[in-house]
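Visitor: I have a structure open on my screen and would like a friendly walk through it. Could you help me read it?

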Number of protein chains: 2
Amino acid sequence: MSESEHETTAEPLKVALLGCGVVGSSVARMLVEHADDLTARVGRPLHLEGVAVRRPGRDRSDLPVDPSLFTTDAESLVERADIVIEVIGGIEPARSLIQAAMKHGASVVTANKALLAEDGPSLYAAAADAGVDLYYEAAVAGAIPILRPIRESLAGDEVRRVLGIVNGTTNYVLDKMDTTGQGFHEAVEQAQALGYAEADPTADVEGFDAAAKAAILASLAFHTRVSGDQVYREGITEVSAADVQAAREMDCVVKLLAICERTEALGEGGVGTPGVSVRVHPAMIPRSHPLGGVRDAYNAVFVEADAAGQLMFYGKGAGGDPTASAVLGDVVAVARHRVGGGRGPGESAYADLPVLDMGQALTRYHISLDVNDRPGVLAQVATAFAEHGVSIETVRQQLIETGEGEDAQKQARLVVVTHTAPDAALSATVEALTGLDSVHEVTSVMRVEGS
Amino acid sequence: MSESEHETTAEPLKVALLGCGVVGSSVARMLVEHADDLTARVGRPLHLEGVAVRRPGRDRSDLPVDPSLFTTDAESLVERADIVIEVIGGIEPARSLIQAAMKHGASVVTANKALLAEDGPSLYAAAADAGVDLYYEAAVAGAIPILRPIRESLAGDEVRRVLGIVNGTTNYVLDKMDTTGQGFHEAVEQAQALGYAEADPTADVEGFDAAAKAAILASLAFHTRVSGDQVYREGITEVSAADVQAAREMDCVVKLLAICERTEALGEGGVGTPGVSVRVHPAMIPRSHPLGGVRDAYNAVFVEADAAGQLMFYGKGAGGDPTASAVLGDVVAVARHRVGGGRGPGESAYADLPVLDMGQALTRYHISLDVNDRPGVLAQVATAFAEHGVSIETVRQQLIETGEGEDAQKQARLVVVTHTAPDAALSATVEALTGLDSVHEVTSVMRVEGS
């Protein structure tokens, strides 16, 4: 107690807040309302120096912030700060302001996944050059502490795989499709009505948001630079009610997963060279898997490490207060470093592993296809798999009837689940199946994870 | 790359390992086998200076460790080290060695929950005086990163409640009772046969192990010193197959929970003064609660914070490799601090909240009682609750028959679930119920959490 009392008489640390939207408002409120606790935890007071906004005249009387602190002059605000919090989002002016802040010796806390996925390495290098911290826990999975555990808690272990539900909108939509049988468009409309999806949901449903987060997770987990455009990306717009039903029949659920894996590329002569596979796509996972029970708009990140085994981190992935919690945790960390000397661990890319093509990713497929009900069809289908070096784990056959009266036709539905194979071989197999005479239609193709 | 290449030419950091049991062996192996990765992540090599053991002649040829490094002279080993890893366990000689190490300027990483729960504050103070780190992530919930997230990631938030399944043995036993209908003793024998419970399971089944962890969690979460003997403790030895069945009927499951809550003591005139409640006891939680699905010997810690909302951390709570993963994460952290200057955040007890008696804890009870089937009994029972200021949430009545022939008697079973009330009022209510003429037997009493 006496030590902190002593230290708190010291000069306050000046905090600049860039952006005052949903997250920024929560950050401002918590900075003011928790001032005493923050002072005790940091060892020096945090003084809110100013809040950079685009519309200074807007009514913000609900915030416990002196109105004179709002400014449109972000450039001069960052020059006065010890710690800059960037919650504007997007590439510019966020990038220039962060660069200016670090150049002036300020530590930076940001929630900007898009910027980090696009331009992380140059920003990390600038932070190292300036001897300041650049922290960004809030950029991935909102309130869930996931980056610090990967960067620090697992620093003595080897991460093998990260499977993340890191986009709340798509998890909400897929959960509704699972529980109600709704189609994709209906579920999206409901999510929009409830505020879980934006009017233009592209960034979420096409997987761009999750891909940016996957790049950040993979970079930390594998000590390798991965940018957003290196992430293979498939959204959930093609996920049909039939796919979700097919998953149910397997006691699985469809989730949009951000997958980061340490794996081996099969080179010449089958010799494996290490690499990382980073991808975002819908996949079936067993309901009994810890990620299978993640409902509504919640996020969760499942990590497999050599020694630690299976870990899961679960919580809210978005929202003003949850995101502000992660931002302020970082603010306390960088403030402690300024009080105590030293920097936190910066980025490391020493492993410098190659980022593999999607075709090289090892995955499993679940394929449903409608075929003629006649002898020899299963042999023909099995041959198509074998010719592509894909091994079948299970095949299930059921009879279905189509048409009526004279058009009535007997068909069979085959449901095939493969063993693990390179994605290129699996997709070539699907292509070959669609060309077979006896195959009427490939009704559902989905990757299978988490077993 | 160039920076780390440059730095790794520097003097190695000398690491002393105290103890070479299950955890120590895993730590030693990982230190040697991951040497290159650890060097790159720390910025300097970690050199294993020696391994203190009780029996130096024992065959340890399965470890990739130079046999000359094993020593019984732990005292002189810690004097030569920059970083000391203590995985001996127990109070002495662990405490004296840790104190000696810090006095000589070494940073310490320990997995010793019993020592920290008994004597944490004096050790934290010694670390601060010596200007070294004392880290102990492995002491709670094995491989699960939980202390660092509470101490750092949530440092800008206010933790309201921590509910933890932090003892794998008891979770295994309760899970078996739930899935097989076995009684306590039968399930413990099975756990012993499978190596999940020790020959003398007292520390686990009586809740001592969980209580030590609860003290550590509460101290960090509430910035308040809590020692193991301040933790209210009830083990699982009294949990019966009937209790587990009663939980099933409520769509609940019985778990041994470590509960740390920020709450208010009701003082004179009902004015609340803030305090913390720290306790370990079996409780019913809904199966749909994130902790409800934690099976086998897994651990999980559920955290509620004001801004972050609900978070959960899940993984393996014990075992050589999982625990070693947490130890080595701490080793990398303290090593980075030695390379980069500064210390990690130490303990803080600035909030200094009173630790409340169990009687003041706010909780809910599930009570089953067999009563005479005659008019007026329910009124009599309800009056007993009302007289103690306990409000009933639900009451369910079912007819049962006891005895045969002339002894046949009609009875009713009442199942009462209360609203939240002080534990003292709830236990006084149970006492009063057992004294009522019309009550044959109180067949099951269990607290209810997580709703």
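Visitor: How many bridges join strand 5 of chain A to strand 6 of chain A?

Guide: Happy to help, and please keep in mind that this is a predicted model. Strand 5 of chain A covers residues 107-110 and runs parallel to strand 6 of chain A. One pair to look for is V108(A), which stands opposite L134(A). The number of bridges joining the two strands is two.

Visitor: Which strands are the edge strands of that sheet in chain A?

Guide: The sheet is open, with six strands paired in parallel in the order 3-2-1-4-5-6. An edge strand here pairs on one side only. The edge strands of chain A are strand 3 (70-71) and strand 6 (134-135).

Visitor: What angle does helix 2 of chain A make with strand 2 of chain A?

Guide: Helix 2 (residues 22-33) of chain A packs on the sheet and touches strand 1 (13-18), strand 2 (46-52) and strand 4 (83-86) of chain A. Comparing its direction with that of strand 2 of chain A gives about 155°.

Visitor: Are helix 8 of chain A and helix 9 of chain A parallel or oblique to each other?

Guide: The axes of helix 8 (residues 168-180) and helix 9 (residues 184-193) of chain A come within 9 Å and cross at roughly 125°. Helix 8 of chain A passes helix 9 of chain A in a right-handed crossing. The residues making this contact include Y172(A) of helix 8 and F184(A) of helix 9, and by class they divide into seven nonpolar, two polar and one charged. An angle of 125° is neither over 145 nor in the range 65 to 115, so the two helices are oblique.

Visitor: Which helix of chain B gives the largest share of the side that touches chain A?

Guide: The contact takes 52 residues from each of chain B and chain A. On the side of chain B, the classes are 27 nonpolar, 15 polar and ten charged residues. Strand 12 (309-316) and helix 13 (320-340) of chain B are among the elements giving two or more residues. The largest share, 13 residues, comes from helix 13 of chain B.

Visitor: In what sense do strand 12 of chain A and strand 12 of chain B pair?

Guide: Three bridges link these two strands across the chains. In one of the pairs, Y314(A) has M312(B) as its bridge partner. The sense of the pairing is antiparallel.

Visitor: What axis relates chain B to chain A?

Guide: Chain B can be laid on chain A with an RMSD of 0.1 Å, using a turn of 180° and a shift of 0.0 Å along the axis. The same surface serves both copies, as 100% of the contact residues of chain B recur in chain A. That turn and shift therefore describe a two-fold axis.

How values were computed:
Residues are numbered from 1 along each chain as its sequence is written. Chains are lettered from A and ligands numbered from 1 in the order in which they are written. This is a predicted model: local features need pLDDT of at least 70, side-chain atom pairs count only at pLDDT 80 or more; totals for chains, interfaces and linings use all residues. Two strands pair if DSSP finds at least two bridges between them. Helices (H or I, at least four residues) and strands (E, at least two) are DSSP runs, numbered from the N terminus. Two residues are in contact if their C-beta atoms, placed from the backbone, lie within 7 Å. Axes are lines fitted to C-alpha atoms, for helices over the stretch in contact, and angles run from 0 to 180 degrees between N-to-C directions. Ala, Val, Leu, Ile, Met, Phe, Trp, Tyr, Cys and Pro count as nonpolar, Asp, Glu, Lys and Arg as charged, and the others, Gly among them, as polar. Copies are superposed by least squares on the C-alpha atoms of residues with pLDDT of at least 70 in both. Angles under 35 degrees count as roughly parallel, over 145 as roughly antiparallel, 65 to 115 as roughly perpendicular and the rest as oblique. A crossing is left-handed if the near helix is turned anticlockwise from the far one by less than a right angle, and right-handed if clockwise.
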